[in-house]
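Here is a quick tour of one small set of features, from charged pairs to sheets and packing. Have the structure open while you read.

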Amino acid sequence: RWITLQAVGGDVTIYFKAGNNANGYVLKSGETLNRLELRCSRIYAIGASGRELHVIAGLTTCSTDKFIAEDNLPV
């Protein structure tokens, strides 16, 4: 239902879709994205050694088999 993300120990690039067509967002060290209202079942993150992505999520009772498949989402 919602997520909050925070980069700790260095910059972290986050993605909400895997693959070559995904655009990443660089979350600067210490920066927090507060309460993003979105629906996702996966978050992809890239950061160097010692960097962490802290995630707090508000969940719903909707199971992932009820989600639209990533391949069917508009680009």
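## Salt bridges

Two salt bridges turn up in this predicted model. In one of them, the side chains of K28 and D11 come together with an N to O distance of 3.6 Å. K28 sits in the loop between β3 and β4 (32-37), while D11 sits in the loop between β1 (2-8) and β2, so this pair links parts that are 17 residues apart in sequence. How exposed are the two partners? K28 has a relative accessibility of 47%, so it counts as partly exposed, and D11 is partly exposed too, at 29%.

The other pair is E37 with R35, whose side chains meet at 3.1 Å, again N to O. R35 is partly exposed, with a relative accessible area of 46%. As a bit of background, side chains of opposite charge can pair when their charged atoms come close.

## The β4-β1-β6 sheet

Now for the strands. One open sheet has three of them, in the order β4-β1-β6, and the pairing is antiparallel. β4 and β6 (52-58) are the edge strands, each with a single partner, so one side of each has no neighbour in the sheet. From one strand to the next, the twist averages 15°.

Take a look at the pairing of β1 with β6: the two run antiparallel and are joined by seven bridges. If you want a landmark there, V8 stands opposite E52 in β6.

## T4 on strand β1

T4 is a handy residue to click on. It belongs to strand β1, and at 14% relative accessibility it counts as buried, since the cut-off for that is under 20%. What does T4 touch, once residues up to four places away in sequence are set aside? The list is T32, L33, N34, R35, H54, V55 and I56.

One polar detail is worth a zoom: the side chain of T4 reaches the backbone nitrogen of R35 at 3.1 Å. R35 is also the residue whose side chain meets that of E37 in a salt bridge.

## The β3-β2-β5 sheet

There is also an open three-strand sheet with the order β3-β2-β5, antiparallel in its pairing. Its edge strands are β3 (25-27) and β5 (44-46), each pairing on one side only. Neighbouring strands here are turned by 30° against each other on average, direction ignored.

β2 (residues 12-15) and β3 run antiparallel and are joined by three bridges. Along that pairing, I14 stands opposite Y25 in β3. In general terms, strands of a sheet pair through backbone hydrogen bonds, either parallel or antiparallel.

## T13 and A45 across the sheet

T13 is in strand β2 and is buried, with a relative accessible area of 18%. Leaving out residues up to four places away in sequence, T13 touches G24, Y25, V26, Y44, A45 and I46.

A45, one of those contacts, is found in strand β5. A45 is partly exposed, at 44% relative accessible area. How far apart are the C-alpha atoms of A45 and T13? They are separated by 5.5 Å, although the two residues are 32 apart along the chain. With its neighbours within four places in sequence left aside, A45 is in contact with V12, T13, I14 and L53.

## The nonpolar core

Which residues make up the largest nonpolar core? There are seven: I3, L5, A7, V12, I14, L27 and L33. β1 and β2 are the elements that give two or more residues to this core, and β1 has the largest share, with three. As a general backdrop, nonpolar side chains tend to be buried together in soluble globular proteins.

To see the packing from one spot, try L33. Not counting residues up to four places away in sequence, L33 touches I3, T4, L5, I14, Y25 and L27. The contact with T4 leads back to strand β1, where T4 has its place. The ones with I14 and Y25 lead to the pair that stands opposite each other, with Y25 in β3.

Conventions: Residues are numbered from 1 along each chain as its sequence is written. This is a predicted model: local features need pLDDT of at least 70, side-chain atom pairs count only at pLDDT 80 or more; totals for chains, interfaces and linings use all residues. Side-chain values use heavy atoms; hydrogens and water are left out. Two strands pair if DSSP finds at least two bridges between them. Helices (H or I, at least four residues) and strands (E, at least two) are DSSP runs, numbered from the N terminus. Axes are lines fitted to C-alpha atoms, for helices over the stretch in contact, and angles run from 0 to 180 degrees between N-to-C directions. A salt bridge is a side-chain nitrogen of Lys or Arg within 4 Å of a carboxyl oxygen of Asp or Glu. Buried means under 20% relative accessible area, exposed over 50%, partly exposed in between (1.4 Å probe, protein chains only). A nonpolar core is a set of buried Ala, Val, Leu, Ile, Met, Phe, Trp, Tyr and Cys residues joined through side-chain atoms within 4.5 Å. Contact means heavy atoms within 4.5 Å. A polar contact is a pair of N or O atoms within 3.5 Å; within protein, one must be able to donate a hydrogen and the other to accept it, and residues adjacent in sequence count only if both atoms are side-chain atoms.
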